[in-house]
Amino acid sequence: MNRNILKSSLGTDSHPLTAHDNYWSRSVRESLAHQDWSQADLREQIDLPAWQGFLDDLPRDPYVNQRWKRMSWLALTPTGDVTNLGECPMAQGGAFNDAESMADKLRYYAPLTEEFLSRPDVKAFVRGWAGLWNLGAGEPILMQITGVRGKGQVDPLQGQGIHADGCKALSIMVVNRENVTGAENHLYRDKAGQHPIAHTTLAPGEVLHLRDDRVFHSVDGIRQLDETRPFERFIIIINSRFVDEFQNRILRRHFPHAILHTEG
Ligand SMILES: [Fe+2]
């Protein structure tokens, strides 16, 4: 981690970086502001087939069956570049993750590759995403490539069901979807699922933005369509402004100069 860059950001305003305000259409911003979620298609902004090329060497997720994952902690610099903060485990508290294999555990994953992170369309995506949420320099951004592949069917959430990820800013983009039925995304006002807001199935290149502190989400199980070949569905999850105290405690330990949003 480049501590000097982060240190120097502490004394400055964490204002949005207006240079990337045109990454999203006005309607995407307005929907997010008014209804706490929105959906967008990124196939014009990113080279989706190139991104799909980074799925093959993902290591297995040691905590979840049939899942593969890489993740990195990123942040904007004061000049609006994307920097890699270095290693910090995922730490979801029991309030945000009901799955016993994951809750209240430190989870370590291999980082996103330099080749992926140095792509101009990846950097533009991270900058554009940070701009959508008005993130300032030094706020940790967790970017993950994760997904499932296999035969038969799988619950990508491992029984987690309707949940929130423990942050304020969350987006989920589908990278590929092959030989798959199911995996419909559901949004609710409440964790019990009594008040549904929206149901949508994302195609590759489509992204769903959620105000995770206001909207709960779930995804249906995935089923193999053609039984002669495996199914595969990979996504990018990108989030920031954590409200999960466990995650913030671990972030503070690894990134002493990061800008966190601890509440209370
Ligand atoms: Fe989630």
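1. Leu-157 lies in the loop that links strand S7 (153-154) to S8. In this predicted model, Leu-157 has 19 C-beta neighbours inside 10 Å and therefore counts as partly exposed; a residue is called buried at 20 or more. Setting aside neighbours within four places in sequence, the contacts of Leu-157 are with Ser-218 and Val-219. Asp-98 is 59 residues away from Leu-157 in sequence, yet the two C-alpha atoms are 9.7 Å apart in space.

2. Strand S7, on one side of that loop, belongs to an open sheet of 3 strands with the order S7-S14-S9 and antiparallel pairing. S7 and strand S9 (180-182) are the edge strands, each pairing on one side only. The link between S7 and strand S14 (residues 222-224) consists of 2 bridges, and these two strands run antiparallel. Within this pairing, Gln-153 is opposite Arg-223 in S14.

3. Strand S8, on the other side of the loop, belongs to an open sheet of 7 strands. The order there is S1-S12-S8-S15-S6-S2-S3, and the pairing is antiparallel. Strand S1 (37-41) and strand S3 (82-86) are at the edges with a single partner strand each, so each has one side without a neighbour in the sheet. From one strand to the next, the twist averages 25 degrees.

4. Helix H2 (residues 26-35) packs on this 7-stranded sheet, where it touches S1 and strand S12 (206-211). The direction of H2 makes about 160 degrees with that of S1.

5. Which strands flank S15 in the sheet order? S8 stands on one side of S15 and S6 on the other. Strand S8 (residues 167-178) is joined to strand S15 (residues 231-242) by 10 bridges, and the two run antiparallel. Two positions in S8 can be checked directly: Leu-170 is opposite Asn-239 in S15, and Ser-171 has Ile-238 as its bridge partner in S15.

6. Strand S6 (residues 141-150) is likewise joined to S15 by 10 bridges, again with the strands running antiparallel. Here Gly-150 is opposite Phe-231 in S15. How many of the 12 residues of S15 are buried? The count is 11, and the strand is mostly covered.

7. Helix H5 (residues 120-132) offers a simple geometry check. Its 13 residues, at 1.5 Å a residue, should span 18 Å; the end C-alpha atoms are 18 Å apart, which agrees. The expected span uses one less than the number of residues. The buried residues of H5 are Val-122, Phe-125, Val-126, Trp-129, Ala-130, Gly-131 and Leu-132. After H5 comes Asn-134, which has a positive phi, near 55 degrees.

8. For the chain as a whole, the model contains 6 helices and 15 strands. The radius of gyration is 18 Å, close to the 18 Å that the globule rule gives for 264 residues, so the chain is as compact as a globular protein of that length. Taken along the principal axes, the C-alpha atoms fill a box of roughly 55 × 40 × 35 Å.

9. Two chain-wide figures complete the note. Buried residues make up 38% of the 264 in the chain. Among contacts with a separation of 6 or more, 80% are between residues 24 or more positions apart.

Technical notes
Residues are numbered from 1 along each chain as its sequence is written. This is a predicted model: local features need pLDDT of at least 70, side-chain atom pairs count only at pLDDT 80 or more; totals for chains, interfaces and linings use all residues. Two strands pair if DSSP finds at least two bridges between them. Helices (H or I, at least four residues) and strands (E, at least two) are DSSP runs, numbered from the N terminus. Axes are lines fitted to C-alpha atoms, for helices over the stretch in contact, and angles run from 0 to 180 degrees between N-to-C directions. Two residues are in contact if their C-beta atoms, placed from the backbone, lie within 7 Å. The radius of gyration is taken over C-alpha atoms; the globule rule is 2.2 Å times the number of residues to the power 0.38.
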